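Open the model in your viewer and keep the selection panel at hand. Each stop below says what to select and what is there.

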Amino acid sequence: MSTVISSDTAAEAAEGGGSRGGRTRRGAKGAGRQMHGGKLTYAVLILFTMGSLFPLVWTAIAASRTNTRLAETPPPFWFGGNLFKNLDTAWHDANMGAALLNTTVVAGTIALGTVLFSTIAGFAFAKLRFRFKNLLLMLTIGTMMVPPQLSVVPLYMTIAELEWTDRLQAVILPTLVSAFGVFFMRQYLSQALPTELIEAARMDGASSVRIIWHIVFPTARPAMAVLGMLTFVQAWNDFFWPIIALTQNGNPTVQVALTGLGRGYIPDESVIMAGALLGTLPLLIALLLFGKQIVGGIMQGAVKG
Amino acid sequence: MTRPFGSTAGAAAPPADQGGTAQRPVAKTPDPAGPRRRAWRSRRYRWDIKYSPYAFVAPFFVFFAAFGLFPLLYTGWASLHRVELTDPTHMEWVGMHNYSRLWDDEFFWNALRNTFTIGLMSTVPQLLMALGLAHLLNYRLRGSTFFRVAILTPYATSVAAATLVFVLLFGRDYGMVNWALGLVGIDHIDWQNGSWTSQIAVSSIVVWRWTGYNALIYLAAMQAVPDDLYESAALDGASRWQQFLHVTIPSLRPTILFTVVVSTIGATQLFGEPLLFNGAAGATGGADHQYQTLGLYLYEQGWVNLHLGRASAIAWTMFLILLLIAAVNAVIARRLRKSQ
Amino acid sequence: MRRSSGTYRQRAVALAAVAALGAALLSGCAEDSDDSGGSSGGSGGGGGKGKTTITVGTFGVFGYKQAGLYDEYMRDHPDIRIEESSIERNENYYPQLLTHLGTGSGLADIQAVEVANINEVTTTQADKFVDLSKASGVEKDDYLPWKWAQATTEDGRTIGLGTDIGPTAICYRKDLFEQAGLPTDRDEVARLWAGDWQKYVDIGKRYMADAPDGTSFVDSAGGVYNAVISSSAERYYDRSGKLIYKDSPAVKEAWDLAVSASQAKLTAKLQQFQKSWDQAYANGRFATVSCPPWMLGYIKEKSGAKAEDKWDVAAAPKPGNWGGAFITVPQAAKHKEEAVKLAAWLTAPEQQAKVFQKQASFPSAQAAYRLPQVADARHPYFGDAPTGKIFAAAAKGVPTQILGPKDDLIKQNITDIGLLQVDQQGKSPEDAWKAATKTIDNALDQ
């Protein structure tokens, strides 16, 4: 397939357009983002990093202790010897193997769907003209404002009617698209995608689908990566709805499985924390992988082909 | 409905095939297939221009209609009824009673006030810090991936685990914050029981969870700012701070607007953090409801007190408040644009 | 997958005989009055291949799995599989149960109901549950009468079988009592305050006069209130079901005692089941706490090894009940007949005794109190206190409480709004009471 033409014309158009294009990072001394970070930059970043990581690290510390030790003061600041015992208990009590698999499927599908649908809808809202555009956009933003706690009852009635309880589609389909995502992509594309670029492609007779494939997707890649990651994380940690739609013995997601942990009259905090750690760990690994991709995407820039 | 290049472009350039046939888009050669085919093509092109936008937004709206609109309308309908969670299918018409009742409900106003102050205390510092953080991350850095992932870990941490840690941090007798304050000679603060202190504590959880997330969104947008803008600014002798102020911020305007809108919505619906900050004590938001937000009050009415109808009315009121904010926002924005 | 396929109805009859026989034997009752199984006739002969999977939905830990009861039942019934799903907290479990009941789907075959919700379920949802009183193997006389009554509707349908109860005693620190110059022997301690909660507060004042540094007599004002109100018969509703909490003498007595305890600085100004409460256990910051059997494990766990043998258990001034649960079978259950049999078996005295041995959930079946697992039970952590005897005596002394649908909500707001304002925020009792009643009225107003 000759993928070239549209992006070639795109580059031409962009250069003709003047203000945009030329995304080379070399040269340009003194410009903000080419600068290497100074010592202060690193110091501040390290401070933020420590602040960000502390609760997570402490979760791991708590998971490596005993329930009794956690009630004592001062709380433990370093790892104890119970990590694997607690992880083992959490793993077996919470049916984590199946849960992890389910959650991966659910979060993956939702992330994929959200990114795809949000990008094309966001593109339409950002760059295309059509009747009712503003109204539809307002409606989209409006849907974000519905407090999620309340749709649970009618949503559950729908799911029950369809006999979807305990099936993964019950948690996938209601969140497969997101107004947030549409709005996010719209804001990003309206800034990052030069209108001249699309016009030039149109001049060359490119169809809308082709423009999406060859111009919008490459331009939107950094934002798509960010959105995909955010959605994945969000879907992974979603709790309020899955706990109603799924049960622990049916098709639990991780968060549903974790509700069965520790607890009772004597909640075992260390096992609960071990469960929380187990539930977060795959996410962190995925985050690290996706994180690299994002960095890659961002570094490559949008229209590099 | 006039596209800037709609009809003229359609007439001037024959549209490329969508890739199904061997037709290459490069070809600007005269079409051998004759006028009929050309007419078909140009009609198809016009259709593409006219209708494809709807096709692009359709998936979103189809799913939204199925899983978003129905709940929304149902909720609106329920808000006009007396419905109890003990029997959600039994509805008794009460008209606007649930709304007029809210008007006289001091707990509602208290929750509205708390939502506003906590929203302010969490959103403003969060976005400012995120902006600064994104700016720093935009430098060339050793281990930039590490930093980016690290600041996103709070977002990946479940609210439950995070709040548990913060409850320990802000503990009255053995909390680490009080311990640190004690080192500089400040007496123990009963974070949970003071109205400002508890709101600060709840806000700090929100700030902690979302700063990195917003920083990443800003960073993605900053990467899309063309370099030459910085170059010319640098040539004009602008300092880094001035570049940040006069190049970065204006270029980021749509993204900033986006985060402000999303954070405002998030702040209005704030629920998990104040709920869990109260530990085992449920949705009261403290002994004096000092950190009960609208989302929490909605939850208390619906899921603790089991009044679904009233909870629906609170939900719709929240919805309307947000629409009101959006409208005011739009009017102001329009005024500003006109005055410029 | 949760639901194994196949038809189970045929098995039902065969199983009914086995289960009924087993339950009848175990319940220790000689009469074999209705052995018909109480289930629908159906066709005989077991043809289905797949196992019948009975699902059990609970909150917290019921201890059936831990005590090996499911395994035992499945061993005796090779065609039955039991799966339990549990949600940690009842605050999450109960709304989910209501949602599922309302839509008639997503329900497990057996659903647990907490005592705080049993009246609401019994008065508003009874038609959605199977009447268990006539199920084979269920003997009304096995259960404590007040427990049985709690899940019985006005027209005599019993929709829940009692699992555990929470008869209350007072757990106290022997070491702190000794330092404060009070007796430490559990019988002597019980005599100090026997019969009157006011005496308990008075002993508290004696304790504080000579208290070890940094310790308080009792954990919280809310704890005092809860202990007192739990031992009263008429509380928030009167016998006719009318809401009377504002004028209820029992509420007034409990409130006044709690306020006086707080104002006399007997309390450690804590809130129960919060992190700070756990930490106070670990640091030995208070000397007494009202404790049902299920809390012994909590105290042990949170106080840790260093407090071993320092805690003990004495009879409360007046016995009360705090906590406990029921199991029910929803009409919408997929395997109703089998579920009824399992429920009857799980709540039979023998099984309750086994659960107590493993999990310290105290039996609601009084017939179990004679069994050695209960009668001879001692708790090594609490100085080998004869917990079986102490709590059995308390259980029999619990008054038949008049429950109402919103008991828990009212109690929660009185302790978490009203008494917390007095105890932690230093507000006047009058203002705090007003704040609590305002919240309650707002919550109750439909």
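Is B:Leu306 buried or exposed? Select B:Leu306 and count around it. B:Leu306 is buried, because 25 other C-beta atoms lie within 10 Å and 20 or more is the cut-off for that label. Keep in mind that this is a predicted model.

**Stop 1: two loop residues with positive phi**

Stay on B:Leu306. This residue sits in the loop between helix H13 (294-304) and helix H14 (308-339) of chain B. Check its backbone: phi is positive, about 70 degrees, although the residue is not a glycine. Most residues other than glycine have a negative phi.

Now jump to C:Lys265. Here too phi is positive, at about 60 degrees, and the residue is not a glycine. Its loop runs between helix H10 (249-263) and helix H11 (275-282) of chain C. Is C:Lys265 buried or partly exposed? C:Lys265 counts as partly exposed, because 14 other C-beta atoms lie within 10 Å.

**Stop 2: chain B against chain A**

Show chains A and B together. The contact uses 97 residues of chain A and 98 residues of chain B. Which helix gives the most to chain B's side? Select helix H2 (residues 35-78) of chain B: it gives the most, with 17 residues. Then colour chain B's side by class. You get 69 nonpolar, 20 polar and nine charged residues.

**Stop 3: annotated segments of chain B**

Hide chain A. An unreviewed UniProt entry annotates residues 51-74, 116-137, 149-171 and 313-332 of chain B as "transmembrane region". Select 51-74 of chain B. That stretch is 100% helix and 0% strand, and its end C-alpha atoms are 31 Å apart. Move on to 116-137 of chain B. Again the chain is 100% helix and 0% strand, with end C-alpha atoms 31 Å apart.

**Stop 4: the two domains of chain C**

Switch to chain C. Colour domain 1 (9-165 + 323-375) and domain 2 (167-322 + 386-444) separately. Their centres, taken over C-alpha atoms, are 32 Å apart. Where they touch, domain 1 of chain C contributes 19 residues and domain 2 of chain C contributes 20 residues. On the domain 1 side, H4, H5, E9 and helix H15 (372-375) of chain C each supply at least two residues. H4(C) gives the most to that side, with five residues. By class, the domain 1 side has eleven nonpolar residues, seven polar and one charged.

**Stop 5: helix H4 of chain C**

Zoom in on helix H4 (residues 115-124) of chain C. How many of its ten residues are buried? Seven are, and the helix is mostly covered. Label the buried residues: C:Val115, C:Asn117, C:Ile118, C:Asn119, C:Glu120, C:Val121 and C:Thr122. Next, show what covers them. The cover includes helix H3 (90-103), helix H5 (145-150) and helix H17 (407-423) of chain C, along with strand E3 (110-114), strand E4 (160-167) and strand E9 (321-328) of chain C.

**Stop 6: the six-stranded sheet**

Select the strands of chain C in the order E2-E1-E3-E9-E4-E10. They form an open sheet of six strands with mixed pairing. The edges are strand E2 (80-87) and strand E10 (362-363) of chain C, each pairing on one side only. Look at E4(C) and E9(C): they pair in the antiparallel sense over five bridges. Pick C:Pro167 and you will find C:Asn321 of E9(C) opposite. Now add helix H16 (residues 387-397) of chain C. H16 lies across E4 and E10 of chain C, at about 115 degrees to E4(C).

**Stop 7: the four-stranded sheet**

Keep H16(C) on screen. Select the second sheet, an open one of four strands, ordered E6-E7-E5-E8 (chain C) with mixed pairing. Strand E6 (216-218) and strand E8 (311-315) of chain C are the edges, each pairing on one side only. Neighbouring strands of this sheet are turned by 20 degrees against each other on average, direction ignored. In which sense do E6(C) and strand E7 (residues 286-291) of chain C pair? They pair in the parallel sense, over two bridges. The bridge partner of C:Ser216 in E7(C) is C:Phe286. Finish on H16(C), which packs on this sheet and touches strand E5 (169-173) and E8 of chain C. The direction of H16(C) makes about 35 degrees with that of E8(C).

Definitions and conventions: Residues are numbered from 1 along each chain as its sequence is written. Chains are lettered from A and ligands numbered from 1 in the order in which they are written. This is a predicted model: local features need pLDDT of at least 70, side-chain atom pairs count only at pLDDT 80 or more; totals for chains, interfaces and linings use all residues. Two residues are in contact if their C-beta atoms, placed from the backbone, lie within 7 Å. Ala, Val, Leu, Ile, Met, Phe, Trp, Tyr, Cys and Pro count as nonpolar, Asp, Glu, Lys and Arg as charged, and the others, Gly among them, as polar. A residue is buried if 20 or more other C-beta atoms lie within 10 Å of its own, exposed if 12 or fewer, and partly exposed in between; C-beta atoms are placed from the backbone. UniProt positions are given in the numbering used here, feature names are shortened, and annotations may be inferred rather than shown by experiment. Domain bounds come from an automatic or database domain assignment. Two strands pair if DSSP finds at least two bridges between them. Axes are lines fitted to C-alpha atoms, for helices over the stretch in contact, and angles run from 0 to 180 degrees between N-to-C directions.
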